[in-house]
Amino acid sequence: MASFSRSWKHVLLIFVLTIYTAYTAGPLFWVALMSLRTTTEIAHNPYALPETLHLWKFSEAWVNSNYSVYFANSVKVVLSAVAIITLVGGMAAHCFARYRFPLRKVLYFTIFSTIIFPPQITIIALFQILVEYGLYNSLVGLMLSYVAFQLPITVYILESFFARIPADLYDAARMDGYSEWQIFWKVSMPVALPALSTTIILNTILLWNEFLYAVVLITDESKRTLPLGIQKFMGDQLEDIGMISTGLMIAIIPVVIIYVFFSERLIQGMTAGAIK
Amino acid sequence: MAFVTLDGITKVYENSREPAVKDISFEVRDGEFMVLLGPSGCGKSTVLRMIAGLETISGGDLRIDGERMNSVPAKDRDIAMVFQSYALYPHMKVRDNLAFGLRRRGISRSDINRRIEQVAESLGLTPYLDRKPHALSGGQRQRVAVGRAIVRDPKVFLFDEPLSNLDASLRVSTRNELVNLHNRLGATTIYVTHDQVEAMTMGTRICIINDGKLVQIGPPMEVYRKPVNTFVAGFLGSPPMNLIEAELKSGADGAFKLDIGTQCIELPEAWISYLQGKSGKIIFGIRPEDIFLSGQDMKRGANAAVTMTVTAVEALGAETIIIFELEGVDTKVFVKADRYTRANIGDTMPLSIDMGVARLFDPVTTKVISNNTQLSG
Amino acid sequence: MNKQKDLSQPLGAIVTFLVPALTIYVAFTAYPVVRTIYNSFHEVLPGHPNEFLGLQNYVTLYNDKYFWGSVKNTLTWALTAPFFEQFFAILLALALYARIPGARFFRIVWFTPVLMSFVVVGIIWMWIFNYDWGALNVILRAIGLENLAMSWLGDPSIALPALILVTTWMWTGFNMVVLLAALHSLPSEVLEASELDNCNWPKKLWFVIIPMIRPTILNLIVLSFVGKMKIFDLVWIMTKGGPLWSTETVSTYVYKRAFEWNSFDLGYPCSIASVWFVIVLAGVLLLTFIFRQRDKLEY
Ligand SMILES: Nc1ncnc2c1ncn2[C@@H]1O[C@H](COP(=O)(O)OP(=O)(O)OP(=O)(O)O)[C@@H](O)[C@H]1O
Ligand SMILES: [Mg+2]
């Protein structure tokens, strides 16, 4: 009797969890299906499976709806921003973790506290400043803003990792004849590889998805990033559900591919800031 | 090769007012194995790190081969150091750990490889060259750390408690390996430890440091037999030297007597010259192995008889430690007796003290008074 | 006097390591913050010199009912969503902690929404909420609850809850993963011991499990609170603050006043941003303080 009620509970639990899974994954699955169907088909029945896989829609979006441009812009901005954040943030984190110098605590706390700033406090002035420097409506301006935006969390995560590297390791490298800069490159960074990959993943995903800075700082169609491109496309073609879905999938697919291969790392990276 | 001279070396850390190292001077001769010994926090590592160039020298001069090194950066001092934590680069294979220090020094690739092979061979590391440190045992890591120092063929080796992370049996064998290594290479070595067995067995000379100050320096047996103050006496040996408070009295005939609790012993005539004009409270120091139960081995002539009561017996197998109480004295007296000794708690028995090796200390300055020269090693 | 340079503080290296980060920080974070605050006391029109207004922007702000409406909406969001997220996240984390078959799969799937851009999520949910063919209404009609079907984003009293549902959908999995990690880091004896104690589940949850992962929960609540206080993208995509200002958040209102309305003045939105900045900081400090106090009282 007892085992019966137990297994019955178990089945119920799995049932509930399956429903919840359908609820989280369903919407994404639905878009994936619609991305392969035409708007006419969707209008006929939004929830049917694709009868024929209209893969041409992807090339259509890619070529005719400018998604190739958006995609390339996103890749350019995100990759260069992440590279710069990793380098600059790594240097600063290394410095905070390794050296004792005047104002160290003040500087660290100042940068750290920026994590909770609402972006509005900078974005209007940032807009003005970029206009003045001729960086408004340019990918470089957007990229630099992204670097500044993600720098604090990166420094925070890396600093706590660097601080755990034993000081003896640095001393050994110094005795081995390496300069501070070489020690940073040959000891700190390689040893911190797990933490670096965490921040790289976190920054890549967050910036790939970023919208507010893009919508404020970019106006040219040719400079739009993917989220901005999709939003504008939807604004123009509100009824074209099929093509919008295809556009969404173009933004989703890279993330999903990374996720399939590095799910644990990705989860770790995304939650890094939440776990103390 | 090389000799290292410390001349009034002082270190004041930036965030503290008290100096961590105060006015230390000594010389490490060419090929010598110098052990720095002292309790935790006394400043041993600080001294070593100043020699290495990892820490600035706040005062005094450091010279290697007579050349002032105070402002020479670590990498140009031609010194290698083995760290307590080994400090192996976790992301590099053993081979690269060994090579890392050579790559900066303009040595050809084939030379580097040859040296690595050679050192790995001599330390039995050849099978592990392509592993990373996390895949090695503690003992193997320790050997890589040593190898990393040897491969550079430096003028001076520095070791900072290199054995303290090893388990007891491995520590003994590694100790012997390091001594053999030193004998083979003949390199000037400075070795920090707080383990007195290591100090006694490894060092050509021991340098005892307490509270940032140099207390005594000399060959191990000399430091052991002739401690210059109560600190050294109480630090070396296990159990350490008994330090018994006593009262010094000069007798009518010019001889000296020592009141220990309710008992009184005569001091040897040879001491009279040191004790002239002294009297009152004094500390009587005697090593546990220099007090004998009646009938047990005693080699020396001058001795004094006392009666004590057994309060505890620790049979250690190879020997037996008997802890006595002396009437009228607070401190317990430790005696090393041979392993066949039978004693029961509460027994009162006569013992004799080898006065030839006893020491007297001033209770105020803690310094030794009887600078007994007739001691033999 | 030969002053030695300190070996543990090679000043040149320290400066080299810090300068890039500090430059970026000053140029793109610190300076904009200062400038925003400066702007908030001025009228900032393109092509005109800034005109000093003193506190006038703040007075206007005080009387701006749209601003206060957006504050109310944002606070509603920031003070409810974190708790919904935590509630479901704890239940789900416990389910996975109880060694359900396929736990790894569930965990990976539930985490997916947070990897998506707000733009993607917003568009999908706009469709789900669509009156005619949206999934929500389709399901309601299918199970006979036809009268519950409604225009979710078109009704001013429903739109905000609908958006809150979307953020909960998005972030529950994230919170669940963090909580699950916290559960797994607990000593396993504790949970097993309470198993033997035979106390019922809700009790065990409340008296044993939650107190133990409490720091993680509080941390997540603060994080979620900050996230909701900043929220912009989702609203901008789904409702643009409508209908009838019912989903206007402070962020969208700032954006509108700065870049959408034809007033062209950047001073006023800057004063909103400045006030909001202070409120967010105060909120975080307050939450941390409250949580700290309670911790002190309990232990
Ligand atoms: N970086 C530092 N800043 C300030 N004080 C320090 C620093 N490093 C060490 N000290 C202090 O200097 C004193 C000597 O430290 P040191 O590390 O040399 O001791 P040690 O003899 O090596 O001890 P142990 O056997 O525990 O390693 C200690 O009181 C310590 O607190
Ligand atoms: Mg030390």
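## Internal cavities

A cavity is here a set of grid points where a 1.4 Å probe fits but cannot get out, and its lining residues have an atom within 4 Å of a point. In this predicted model, the structure holds five cavities of 30 Å³ or more. The largest cavity encloses about 100 Å³ of space. Its lining is made up of F33(B), V146(B), I150(B), F157(B), F159(B), L178(B), L181(B), H182(B), L185(B), G186(B), A187(B) and T189(B). Two or more lining residues come from each of α4 (138-150), β7 (156-160) and α5 (168-185) of chain B. The greatest share belongs to α5(B), with four residues. By class, the lining of the largest cavity comprises nine nonpolar and three polar residues, and no charged ones.

The second largest cavity holds about 80 Å³ of space. Residues of chain A, namely A172(A), M175(A) and D176(A), line this cavity together with A80(B), M81(B), F83(B), A145(B), R148(B), A149(B) and R152(B) of chain B. The elements that supply two or more residues to this lining are α8 (167-175) of chain A and, in chain B, β6 (79-82) and α4. Here α4(B) gives the most, with three residues. The lining of the second largest cavity has seven nonpolar residues, three charged residues and no polar ones.

## Helix α4 of chain B

Helix α4(B) contributes to the lining of the largest cavity and also to that of the second largest. The helix has 13 residues and spans 19 Å from its first C-alpha to its last, close to the 18 Å expected at 1.5 Å a residue. Ten of the 13 residues of α4(B) are buried, and the helix is thus mostly covered. The buried residues are G139(B), Q140(B), Q142(B), V144(B), A145(B), V146(B), G147(B), R148(B), A149(B) and I150(B).

The buried residues of α4(B) pack against α8 of chain A and, within chain B, against β6, α2 (94-103), α3 (109-123), β7 and α5. Among these buried residues, V146(B) and I150(B) also belong to the lining of the largest cavity, whereas A145(B), R148(B) and A149(B) belong to that of the second largest.

## Chain B as a whole

Chain B contains nine helices and 20 strands. Its C-alpha atoms fill a box of roughly 80 × 45 × 35 Å along the principal axes. Of the 377 residues of chain B, 50% count as buried. Among the contacts in chain B with a separation of 6 or more, 66% are between residues 24 or more positions apart.

I57(B) is placed in the loop between α1 (44-52) and β4 (59-64) of chain B. I57(B) counts as buried because its relative accessibility is 5%, under the 20% cut-off. From I57(B) to G254(B), the separation is 197 residues in sequence and 51 Å in space, C-alpha to C-alpha.

## Cysteines

There are zero disulfides over all chains. The sulfur of C207(B) has its closest cysteine sulfur in C42(B), at 9.3 Å, which is too far for a bond, because a disulfide requires sulfur atoms within 2.5 Å. C207(B) is buried, with a relative accessible area of 0%. C270(C) is likewise buried, with a relative accessible area of 0%.

## Buried positions in chains A and C

In helix α14 (residues 263-271) of chain A, the buried residues are S263(A), L266(A), I267(A), G269(A), M270(A) and T271(A). These residues pack against α10 (193-208) and α13 (241-261) of chain A, and against α4 (103-111) and α7 (156-184) of chain C.

T74(C) lies in helix α3 (residues 65-97) of chain C and counts as buried at 0% relative accessibility. Leaving aside residues up to four places away in sequence, T74(C) touches K228(C), M229(C), E248(C), T249(C), V250(C) and W276(C).

## Backbone features

The peptide bond from S238(B) to P239(B) is cis, with omega near -5°. P239(B) is in the loop between α8 (230-235) and β11 (242-250) of chain B.

L103(A) is not a glycine, yet has a positive phi of about 75°. This residue is in the loop between α4 (67-98) and α5 (104-113) of chain A, and L103(A) counts as exposed at 57% relative accessibility. T366(B), also a residue other than glycine, has a positive phi near 65°. T366(B) is found in the segment after β20 (359-361) of chain B and is partly exposed, with a relative accessible area of 28%.

Note on methods:
Residues numbered from 1 in each chain as written. Chains lettered and ligands numbered in written order. Predicted model: local features only at pLDDT ≥ 70, side-chain atom pairs only at ≥ 80, totals over all residues. Heavy atoms only, no water. 1 Å grid on protein atoms, 1.4 Å probe; cavity = no way out; pocket = protein on both sides within 12 Å on 5 of 7 lines; lining within 4 Å. Points joined across faces, edges and corners; volume = space filled by probe spheres on them. Nonpolar A, V, L, I, M, F, W, Y, C, P; charged D, E, K, R; others polar. Buried < 20%, exposed > 50% of the residue type's maximum accessible area, 1.4 Å probe, protein only. Expected span 1.5 Å × (residues − 1). Contact = heavy atoms within 4.5 Å.
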